[in-house]
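Got your viewer open and a selection box ready? Load the model shown here and follow along.

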Amino acid sequence: MSTGLRERRKQQTRQAISDIATGMFAAQGFDHVTIAQVAEAAEVAKMTVTNYFPRKEDLVFDRADAIVRSLADVVADRAPGESMLAAIRRDFFERVARADVTLGLSSPAFARMIENSPALTSRGLEMIYQREQALGDAIAAETGVDGPQVRLVAALLASVHRVLYEEGSRRSLAGEPRPGICAALAAEATRAFDLLEPSLGDYGIRPLT
């Protein structure tokens, strides 16, 4: 079996386990479903589940690593002539356009599952903090400077995602249609990024050459 095929099958297995677990958690409650029950439903060994997902919460937040790295990656990949704020703004609207679930655009059942579980709520907050930290690390690495100012810039750049994730989740929990939530998030994001523009609009503009 080729390495590429093996990796695809591993990813398919991982995704299948996560999907089965999330469905069980949504139906029965996160705290009432065990890893052993997930393994049985997925027809895999318990150790297979824990190998893919060391923490039970990771079965729900199966894209945690990508979320934590997301803003740092956007800044790292910004185009010449583009500021850090402009890159994060552009990426946010691209995500809204494709109704990216990482913006809080989940089903009401998923949003309710998170709200009803202190463990999942705590993990969600941890990911938000880690994402901000990763962005600050990326800015510090690029500029060669670290300190309160860099960390404050990172906090401000990450603030729109943090606040509007909560807004998206609130609307999802209320059962609002996804297109309406997307429209509301786009409008709020426009106002939020405009507020940041005077302070950060020219911060970290990537040189043209």
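What follows is a short walk through a helix pair, some aromatic rings and a couple of side stops. Keep in mind that this is a predicted model.

**Stop 1: two helices.** Select residues 84-97, which is helix H5, and residues 148-173, which is helix H8. Draw their axes if your viewer can do that: they come within 9 Å and cross at roughly 25 degrees. Angles under 35 degrees count as roughly parallel, so H5 is roughly parallel to H8.

**Stop 2: the side chains between them.** Now show sticks. On the H5 side, pick Met84, Leu85, Ile88, Asp91 and Phe92. They meet Leu157, Val160, His161 and Leu164 in H8. Colour this contact by residue class and you should get 7 nonpolar residues, 1 polar and 1 charged.

**Stop 3: the rings.** Stay on Phe92 for a moment, but switch to aromatic pairs. How many are there by the ring-pair rule? The count comes to 5. One of them joins Phe92 and Phe93, with 6.0 Å from centre to centre and 80 degrees between the planes. That pair is edge-to-face, because the cut-off for that label is over 60 degrees.

Turn on a surface and compare the two partners. Phe92 has a relative accessible area of 1%, so it is buried. Phe93 has a value of 26%, so it counts as partly exposed.

Next, add Phe193 to the selection. Phe93 pairs with Phe193 too, this time in a tilted arrangement: 6.3 Å between centres, 50 degrees between planes. Which parts of the chain does this pair link? Distant ones: Phe93 belongs to helix H5 and Phe193 to helix H9 (residues 178-200), and the two are 100 residues apart. Is Phe193 buried or exposed? Buried, because its relative accessibility is 0%. Select Phe92, Phe93 and Phe193 together and you have one aromatic cluster.

**Stop 4: a charge over a ring.** Jump to Phe30 and Lys56. Lys56 lies over the face of Phe30, 4.4 Å from the ring centre.

**Stop 5: helix H7.** Finally, select residues 118-143, helix H7, and find Leu125 in it. With 52% relative accessibility, Leu125 counts as exposed, since the cut-off is over 50%. For a last distance, click the C-alpha atoms of Leu125 and Arg162: they are separated by 9.3 Å, although the residues are 37 apart along the chain.

How values were computed
Residues numbered from 1 in each chain as written. Predicted model: local features only at pLDDT ≥ 70, side-chain atom pairs only at ≥ 80, totals over all residues. Heavy atoms only, no water. Axes fitted to C-alpha atoms, helices over the stretch in contact; angles between N-to-C directions. Helix = DSSP H or I, 4+ residues; strand = E, 2+ residues; numbered from the N terminus. Parallel < 35°, antiparallel > 145°, perpendicular 65-115°, else oblique. Contact = heavy atoms within 4.5 Å. Nonpolar A, V, L, I, M, F, W, Y, C, P; charged D, E, K, R; others polar. Phe/Tyr/Trp six-rings, centres within 6.5 Å; stacked < 30°, edge-to-face > 60°. Buried < 20%, exposed > 50% of the residue type's maximum accessible area, 1.4 Å probe, protein only. Lys NZ or Arg CZ within 6 Å of the ring centre and 35° of its normal.
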